[in-house]
Amino acid sequence: MPTVDLTEELLRLLRHHKAKGRQYVFLSPENLTYLQQSPRPSQTPASSDDTARKQAQTDDQAVQQQASPQQSAASSTPRKKERVSDSRVGQMDWETLISTIQSCTACPLHSVRTQTVPGAGNMNAELMFIGEAPGEEEDRQGLPFVGKAGQQLDKMIKAMQFEREEVFIGNIVKCRPPANRVPQNNETSQCLPYLERQIELIQPRIIVLLGSTPLSQLTGARSINRAHGQWYEVYGIPAVPTFHPSFLLRSPAKKKEAWEDLKQVMRYLGKDPEETMRRRQTSS
Ligand code: SF4
């Protein structure tokens, strides 16, 4: 009966992730506690296993450095989006990327747009929001989240102790779908390389996924009701889904749950949610 060396298999998996350029490895709370508390193997005389042991220690350290307590405690089974391969887009600088988006005709949405909505905000943002697609007002102005949903998102950003100019806001597709329908697969598959390049250029510390479409497109998970507040990884960046601002306007009872999601993101970024509550009390 064939036997499997689990250590070697685990190392093989970690090397695979590293080769894919992934910067984070998620650990369950149980495994993180083990790595933090169990004694490291002491130096031992050279043996036939010495090279493998040293490699194991190196990889082990890399895993600990890359996994934050917040990430590890939040999810033991993250799902990851594989990189979208588009070497041409993957080489673009910001200027070329934006002009390419603005003249893009790669999917049918180009024929019904007024203008593209590439995204807006701080190109060095530590916090990035990703929504679904431009709506009517966004299509008219060429800016993301500028309608009523945008006002709700502004409140969320403010509650997180950020200004809109400090974060970056983008969408899964850059052109408005007719009648605000959900973007179709042939549209998202053409447009996602642009978003991936934006994430690569910005290198945010964390991404907030707004609603079902970015959740399913970027993580494969389907139910925002189940997935909100959990931790995922999107192109190597930690990501937390929450409800779309439009949905929160229709279902204000869900705002409390959304706030709990955002509080996790704030703590990850070193912000104190209690400070927001204190500011609200002071201003009221
Ligand atoms: S939605 Fe994206 S892929 Fe489609 S035309 Fe607009 S920019 Fe191009």
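User: What makes an aromatic pair here, and how many are there?
Analyst: Rings of Phe, Tyr and Trp (its six-membered ring) pair if their centres lie within 6.5 Å; planes under 30 degrees apart are stacked, over 60 edge-to-face, the rest tilted. By this rule there are 3 aromatic pairs. The model is predicted: local features need pLDDT of at least 70, side-chain atom pairs count only at pLDDT 80 or more, and totals for chains, interfaces and linings use all residues. Numbering runs from 1 along each chain as its sequence is written, and side-chain values use heavy atoms, without hydrogens and water.

User: Why is the pair of W231 and Y268 called tilted?
Analyst: The centres lie 5.4 Å apart, with 55° between the planes. That angle is neither under 30 nor over 60 degrees, so the pair counts as tilted.

User: How do you know where W231 and Y268 lie along the chain?
Analyst: Helices (H or I, at least four residues) and strands (E, at least two) are DSSP runs, numbered from the N terminus. W231 falls in the loop between α11 and β5 (232-234), and Y268 in helix α13 (residues 255-268), 37 residues apart. Both W231 and Y268 are buried (under 20% relative accessible area; exposed is over 50%, partly exposed in between; 1.4 Å probe, protein chains only).

User: What makes K271 sit over the ring of F162?
Analyst: The rule needs NZ of Lys or CZ of Arg within 6 Å of the ring centre and within 35 degrees of the ring normal. The charged end of K271 is 4.3 Å from the centre of the F162 ring and sits over it. R280 does likewise over W259, at 5.6 Å.
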